[in-house]
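Student: I have a protein model open and would like to practise reading it. Could we go through it together?

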Amino acid sequence: MERETTSTKRNGLLFAVNRERFELSTFDPSTTMLEFLRSHTRFKSVKLSCGEGGCGACVVLLSKYDPVLEQVEHFTVSSCLTLLGSINGCSITTSEGLGNSKDGFHPIHQRFAGFHASQCGFCTPGMCVSLFSALVNAEKTDRPEPPLGFSKLTVSEAEKAIAGNLCRCTGYRSIVDACKSFAADVDMEDLGLNIYWKKGDDKGMKVSRLPFYNPSDQICTFPDFLKNENNSAMLVNYKRYSWYNPFSVEELKNLLKSNLVENGTRMKLVVGNTGTGYYKESEHHDKYIDLRYIPELSMIRRDHMGIEIGAAVTISKAILALKEEKKCGLHSEGKAVFKKIADHMEKIASGFIRNSASLGGNLVMAQRKNFPSDIATIFLAAGSMVNIMTGLKHEKLSLEEFLESPPLDSKAVLFSVQIPYWDLNRNNTETDTKLLFETYRAAPRPLGNALPYLNAAFLAEISHCKTSDGIIIKNVQLAFGAYGTKHAMRAKKVEEFLAGKTLSLGLLHEAVKLVRATVVPEEGTSNPAYRSSLAVGFLFQFLHPLVDACAQFSNSCLDGYTLLENASKIKCNYNEFDHLQNPALLSSAKQVVETCREYYPVGEPITKSGAAIQASGEAVYVDDIPSPMNCLHGAFIYSTKPLAWVKGVKFESRSLPDRVTGILSFRDIPKEGENIGSKTIFGIEPLFADDLTRCAGQRIAFVVAESQKVADMAAKVAMVDYDIENLEPPILTVEEAVKRSSFFEVPSFLYPPQVGDFSKGMAEADHKILNAEIKLGSQYYFYMETQTALAVPDEDNCMVVYSSIQCPEYAHSVIARCLGIPEHNVRVITRRVGGGFGGKAIRAMPVATACALAAYKLCRPVRIYVNRKTDMIMAGGRHPMKIKYSVGFKSNGKITALHLDILINAGMSADISPIMPRNMLGALKKYDWGALSFDIKVCKTNHSSKSAMRAPGEVQASFIAEAVIEHVASVLSMEVDSIRNRNLHTFDSLSLFHEGSAGEPLEYTLPSLWDKLASSSSFAYRAEMIKEFNRSNKWQKKGISRVPIVHEVSLRPTPGKVSILWDGSVVVEVGGIEVGQGLWTKVKQMTAFALSAIQCDGTEDLLEKVRVIQSDTLSLIQGGFTAGSTTSESSCEAVRLCCNALVERLTPLKENLQEQMCSVKWDILILQAHSQAVNLSASSYYVPEFTSMQYPKLWCCSERGGGKSSDWGNHNFES
């Protein structure tokens, strides 16, 4: 190629990671930055979670040097999408590069830990990098110098810094507080619970106690050696792959028309590669062409006609360009259009995606693949044009023509986009014409990665009607997109209908009907009616304020220009309402925690154990463990049929693909073993389907390869041969399960008794609701860390398995049974879990077992990190249900009887499903229903097995209870709160519904909690304020509610072990698993408290001497399940029993030493104990007393909501 002869060629990549030099002579261009960082560096803080750029767990800071400006540009990118070839000459900074446990943590790490902003910690390093990027870029602004210890960052910027980072367990309040603590304009009173200050401390004291941040202490994010390197063009050939960096249009043309393309070479044009987050690629490309170095594709050009943006310009840079104030004589209305386009674009994806995603790439995806693009819609309404190059031909098309054209072929390139500058005075002699432009978007989340249900953009030229006081729509452009159509479109019929007409309610009504008929989602689109209603609502929102303005000023003597000005102001007030008062994303909140020094440090809000190393990325999760020598990687091949015979699994080539080592199925289970993948007290689930697969998503085989990428690709292309001959149709609904009597048996001791006399209660009722229906869908766990395991064969036919699991003891037993070896030959180790929510309990067992089987058969280590799609298909999740209810109630709202018919979809195996009726009734009994009868059936269907998920059954039951309460309130036209209040339990009714576990009358606190919550949250006052607001606002409404919750607490037997070492440090083992809930922290506190009973000098510092270590099923047996919100407390009690035994052993020695030395130090005591052969290791097995194994726990919470979708609401909790 021309570049090879006209410029210097470097045969490799050069870049830096955390200031360390990396130079690669060969590489696979399909490799992502994440794959390289995790496989070829020691930095593991970048995590693979969604693999789509949608969660932020893999975020890194990318720094690029501009030799012309002599400046370094810093921005975050998603490393799971960024291709390795695109980082040549760049520097990467991960959370480890900010600080660590050896060299000192960065203030970001310290404040994340101090504000309790990390639970499981899997997402935390990415959040720290996102915040660091915001801090670095804030310092580049010309804002005033901030107060000492703060940055130039604003509170709003601090909140937005982590808008694209998902956290599934911590809750964003504490995370945002950690971020806001750096902001110069932060209100210290608004920062929540932390370890730095207590109630009553003044602002100066609070600031002084924060870990000090000095913006001048800059971390080197771009080492000098990169600045000094020749950043010349690069052409790397590695096997059949090539990466090209053309520097001119001519070079690009030559590449596109080369004979390589003619011969069918698969070529990919690359800028940010973010499209692969949405459109997964299963095949490799022979040629990669990076378009970022072509000046014409990266330019931004302005003139009096508009702005032209190159197709390779990132969305973030396009936003800055549109917002940039240039003195080009632009009219304010034209600037306003640009600004509103930029504001809308900031809602697209997340910052780290916008930083690398190109404007052209977004539009090409919309044109080629019908991507639901926001950019296409808003550019369409603004009348944009595009420039296309096809071979030697350049053509200019309107965006509408471009979208409607056949998909671009591989030789065509989108060159640039032109957004016109709207100047009504340019060709318009009328001075009273005004321009209105608005964009709209409805999505599951206002910010961050969430595709819209519908987007829209409207542009209108309006003028005053000379014959009346009305407003004429001279011209209007209405664009709608993402509602279930191939691409964004203009509503031409509506535009033609409105053009030239005077606005009125009648006209608006007709236009709305026309929009409803025009914006019709294609068949198969989800929520079609909702999407159409959004289109109607957006048009109404756009035009109705103008109708209101006409009515408001119709009798006043205003000239046309003044009328239009007032109309525009009213419209502005409509759009900006409720945002001026609350510019921040989060509403304010306050947490008050009362502690008692009597049991210090138990109950103290100390830093969560391991939070700082989670923030810095040093915390080791299963997939962070370095691969042993000759390690293989596995992936599951699962069924795509709900019920079918499995005749075999094969690949296209008949032989195994390259770098694939083997494929295992149920036939490869040892003769002495069993086909078992998981177990509960209700039975087992097979590891693999045998000759018959019983659900889509059931494991059929396990493919093993040299890398996770190869294993995943092999599993994807594997072909399963099915046969459905002589099989009945699968059972896919609970209704079909009832017809065919397909149920799991619920043991009688788990099926709750009916309460009261339902017939009598219905007879006493003044009103009845009969056979009302509720349907509840399933829910995926979405733990940030997917299922993962590592199995390593050990000596003497043993197997060591590292698993991210909530119940290692059960996995231990299942693995032994599967392999047919004694349990003492198996060892399961779990240090921490990157999010569980119940999904890392039963559903983690087959993952660990499959790895162990493969390692056992192949005599090599085998590991797996299940990709997100496979995990979602196989995991099962929450139980779907169908509920019918009949309820009787008095005119005053007191419910007298409730009957429920509940059908639970359990899937193909029992798992924990037979316990669901018991769990549901515990939560349903939070109200006094008078009489409660029910018929609950656990249906066996051909769906994936449903399992425990965050309060299994209780979430659904609480929803059912509130649905009934709200239905009753609706029928009676009464306030829901009054219905709830009237049906709260008295102690007598509590004793009836919770027979045997109600406790004593003085222990029943729900009524007092209910009143305390109302008082502490000013519930009555706020309810009146909301009523007044709703009376005064036609289109915006707010609401407030308080809800009681009853959770039946169940304690389980739990083991513990405490050992005191020579230097006085303490090591603790417990059966409970740290899944982010702070179990280790509570155990450390209990250990320090219980050992301090020895009462010698130095015990006040015991907390720092305690370390809780990973779970090891051979070191500590009978670990049980970590579930039910009580494992931390049970583990603490087990540890307390151990410490009591140790204190008892040490007391005689301490008394002897005290007689000799008066004062005895902890270190001396322990040293003497070792020398005198005192046993300093104690084990226990805490078994709760029968009377305390189960009891109801009461909560109430209040929540305010309503208004704009960005209003997160206020919350108060009492328990």
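Student: Where does Cys-55 lie?

Tutor: Helices (H or I, at least four residues) and strands (E, at least two) are DSSP runs, numbered from the N terminus. Cys-55 belongs to neither kind of run here, as its place is the loop between α2 and β3.

Student: What kind of model is this, and how are residues numbered?

Tutor: Residues are numbered from 1 along each chain as its sequence is written, and side-chain values use heavy atoms, leaving out hydrogens and water. The model is predicted: local features need pLDDT of at least 70, side-chain atom pairs count only at pLDDT 80 or more, and totals for chains, interfaces and linings use all residues.

Student: Is Cys-55 buried or exposed?

Tutor: Buried means under 20% relative accessible area, exposed over 50%, and partly exposed in between (1.4 Å probe, protein chains only). Cys-55 has a relative accessible area of 2%, so the word for Cys-55 is buried.

Student: Which residues does Cys-50 touch, not counting residues up to four places away in sequence?

Tutor: Contact means heavy atoms within 4.5 Å. With those sequence neighbours left out, Cys-50 touches Cys-55, Phe-782 and Arg-868.

Student: Which residues does UniProt list for "binding site", and why do they gather at one spot?

Tutor: UniProt positions are given in the numbering used here, feature names are shortened, and annotations may be inferred rather than shown by experiment. The unreviewed UniProt entry lists Cys-50, Cys-55, Cys-58 and Cys-80. They span 31 residues in sequence, yet they gather at one spot because no two of their C-alpha atoms are more than 10.4 Å apart.

Student: How many aromatic pairs are there?

Tutor: Rings of Phe, Tyr and Trp (its six-membered ring) pair if their centres lie within 6.5 Å; planes under 30 degrees apart count as stacked, over 60 as edge-to-face and the rest as tilted. By this rule, the number of aromatic pairs is 27.

Student: What kind of pair do Phe-182 and Tyr-213 form?

Tutor: Their rings are 5.3 Å apart, centre to centre, with 85° between the planes. That makes the pair of Phe-182 and Tyr-213 edge-to-face.

Student: How far apart in sequence are the parts that this pair ties together?

Tutor: Phe-182 is in the loop between α6 (172–180) and α7 (203–209), while Tyr-213 is in the loop between α7 and α8 (224–228). The pair therefore ties together parts whose separation in sequence is 31 residues.
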